[in-house]
Amino acid sequence: MTQGAKAERFMRLASAHLEAAHNLALWLTGNRSDAEDLTQDAFLRAFRFSDQLRGESAKPWLLKIVRNTHYSRLRNVRFMLRSTTFDDAAGEAEQTPADGNPADDPEDALLRVENDELIRAAMRALPADQRAILVLREVEDMTYNEIAVALDIPIGTVMSRLGRARKLLADRVKNMDQEAAHATRRS
Amino acid sequence: MRHAEAERWLPLYADDEMDPSTTTGMEAHLRVCEACGPRLEALRRNHVVLARALGREVAPAGLRERILGAIAAVEDAPIGRRALPAWTRYAATIVASAVLASAATLAVTRSKPVQPLAAMVFNDHMRALTSHRMIEVAAGDGRPIQSWFQGRLNFIPPVTERAREGLPLIGGRVDYIDGHAVAALVYGRGRHLVSLFVRPAPGGPPPRPASAERRGFNCVHWGAGGFEYWAVADVPATEMKQISRLLGNRSAA
């Protein structure tokens, strides 16, 4: 394949996922200029490996490269100093027993408040891996299997991380909403 | 499908991840249940709200062109200048083979029909993973885990300790198979969690050992000492068999 044809084929398969890649980059980096750089770097890196690109699984493949590029950039000190999101020490918390409050049980982390700005602020307070999994599931509608590929984790971990991320996000939204209501009453 | 099962599996259904052999039962239940219908609506609404709130920003106008330009620049560079450092090429090989391996997994894990109880076990295990209810009692806090099941179940499950073989007991929960409460013991295997469902054998000849696979999960079913066991985890079939052997499945020896 000539280089021109290679680039053409790559962009044909990959450009459909530019929005997805950019949105993930935005949530990983936390700001627009880093997100743009990250998306561009990831696409360049993907282009170099594009011989392996399969049409049907292009999206998880590409998003995996976005995430991997992000983490290899985080290892670069200069980038780390600019980034505010190196917060993955939280990682996968070990399983803790459920709190046993049956009132919480059937709610499945539903959002009580449908305020986009509040949800986005709550999202920014989550660890990067949890932000990534919420974006892949809720925005990109990816299956658990595709998420396992994109995040390079076992599918069981996809489920436990997703469950934890959803609950944390819903809890934070609820708390922030209550704090806001409290502040309004006081002023 | 009973309400108790439908209620537990609803979030899996909302994510379109329920075992396919059980979705028809779920849909029949949803048509008649006054509680599950609205709850499904709420889960779907949640998804819509999150998709909107978290996916609102569009990529900047010039980004596509900048990427095209960058790719063209890479292409136009003379081969010598374009060459990547050796370690990058090495890393590329690793990434590429990892990607190929995962793509292969995706391709072969298309689900095929499994026996009804195994389908329930898959749903229960997956549901527990996503729900923060993987364990209701932790192992190793002094009391034997059997005593926790006392009063919650009408039987006491045998508990096997295999920490030295790399299969530590993490905890347990009460789960349900076919409408009946069963013990679910949770073991760790590297990065994976294993659910071991235990119930008294219903009488008659012991179950024929069987295994099933679904979307990256494997399940082994066997009987021993008056009990029936299902072990399920997101590990390959051979490892699942090995785990079941550690947990008392003599037919897997």
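**Entry 1: a salt bridge inside chain B**

I began with Asp124(B) and Arg8(B), whose side chains meet in a salt bridge at 3.0 Å, N to O; I use that term for a side-chain nitrogen of Lys or Arg within 4 Å of a carboxyl oxygen of Asp or Glu. This pair links distant parts of the chain, since Asp124(B) sits in helix α7 (residues 116-130) of chain B and Arg8(B) in helix α1 (residues 3-14) of chain B, 116 residues apart. The helices I name, like strands, are DSSP runs numbered from the N terminus (H or I, at least four residues, for helices; E, at least two, for strands). I found both Asp124(B) and Arg8(B) buried, where buried means under 20% relative accessible area, exposed over 50%, and partly exposed in between (1.4 Å probe, protein chains only).

I noted that this is a predicted model, in which local features need pLDDT of at least 70 and side-chain atom pairs count only at pLDDT 80 or more, while totals for chains, interfaces and linings use all residues. Residues are numbered from 1 along each chain as its sequence is written, chains are lettered from A and ligands numbered from 1 in the order in which they are written, and side-chain values use heavy atoms, with hydrogens and water left out.

**Entry 2: salt bridges between the chains**

How many salt bridges does the structure hold over all chains? I read a total of 25 over all chains, and the count between chain A and chain B is nine.

I looked up Arg66(B) and Glu36(A), whose closest N and O atoms are 2.3 Å apart in their salt bridge. The pair crosses between chains, from helix α4 (residues 63-76) of chain B, which holds Arg66(B), to helix α3 of chain A, which holds Glu36(A). Arg66(B) is partly exposed at 36% relative accessibility, whereas Glu36(A) is buried at 16%.

I then turned to Asp116(A) and Arg52(B), which form a salt bridge at 2.8 Å, N to O. This pair also crosses between chains, from helix α6 of chain A with Asp116(A) to helix α3 (residues 36-54) of chain B with Arg52(B). Asp116(A) counts as buried, with a relative accessible area of 13%, and Arg52(B) as partly exposed, at 37%.

I also noted Arg32(A), which forms a salt bridge with Glu57(B), their closest N and O atoms being 2.3 Å apart.

**Entry 3: the interface**

I counted contacts next, taking contact to mean heavy atoms within 4.5 Å, and found 71 residues of chain A in contact with 63 residues of chain B. The size of an interface is often given as the accessible area lost when the parts come together. Here the area buried between chain A and chain B is about 6,200 Å², with carbon and sulfur atoms giving 60% of that area; buried area is the accessible area (1.4 Å probe) that two parts lose on being put together, summed over both.

**Entry 4: Met159(A)**

Is Met159(A), which lies in helix α9 of chain A, buried or exposed? I found Met159(A) buried, at 0% relative accessibility. Leaving aside neighbours within four places in sequence, Met159(A) is in contact with Tyr144(A) and, from chain B, with Met126(B), Leu129(B), Thr130(B) and Phe217(B). The C-alpha atoms of Met159(A) and Asn145(A) are separated by 10.0 Å, with their positions 14 residues apart along the chain.

**Entry 5: two cysteines without a bond**

A disulfide is a covalent bond between the sulfur atoms of two cysteines, and the rule I applied asks for a pair of cysteine sulfur atoms within 2.5 Å. The count by this rule comes to zero disulfides over all chains. Cys33(B) is in no disulfide, and its nearest cysteine sulfur belongs to Cys36(B), 3.8 Å away.

Why is Cys36(B) not bonded to Cys33(B)? The two sulfurs are 3.8 Å apart, and therefore too far for a bond. I read both residues as buried, Cys33(B) at 15% relative accessibility and Cys36(B) at 1%.

**Entry 6: Ser244(B)**

I closed with Ser244(B), found in helix α9 (residues 237-246) of chain B and buried, with a relative accessible area of 0%. A polar atom of the side chain of Ser244(B) lies 2.8 Å from the backbone oxygen of Lys241(B). Not counting residues up to four places away in sequence, Ser244(B) touches Val220(B), Trp222(B), Asn249(B) and Ala252(B).

Note on methods. Polar contact = N/O pair within 3.5 Å; in protein donor to acceptor, adjacent residues only side chain to side chain.
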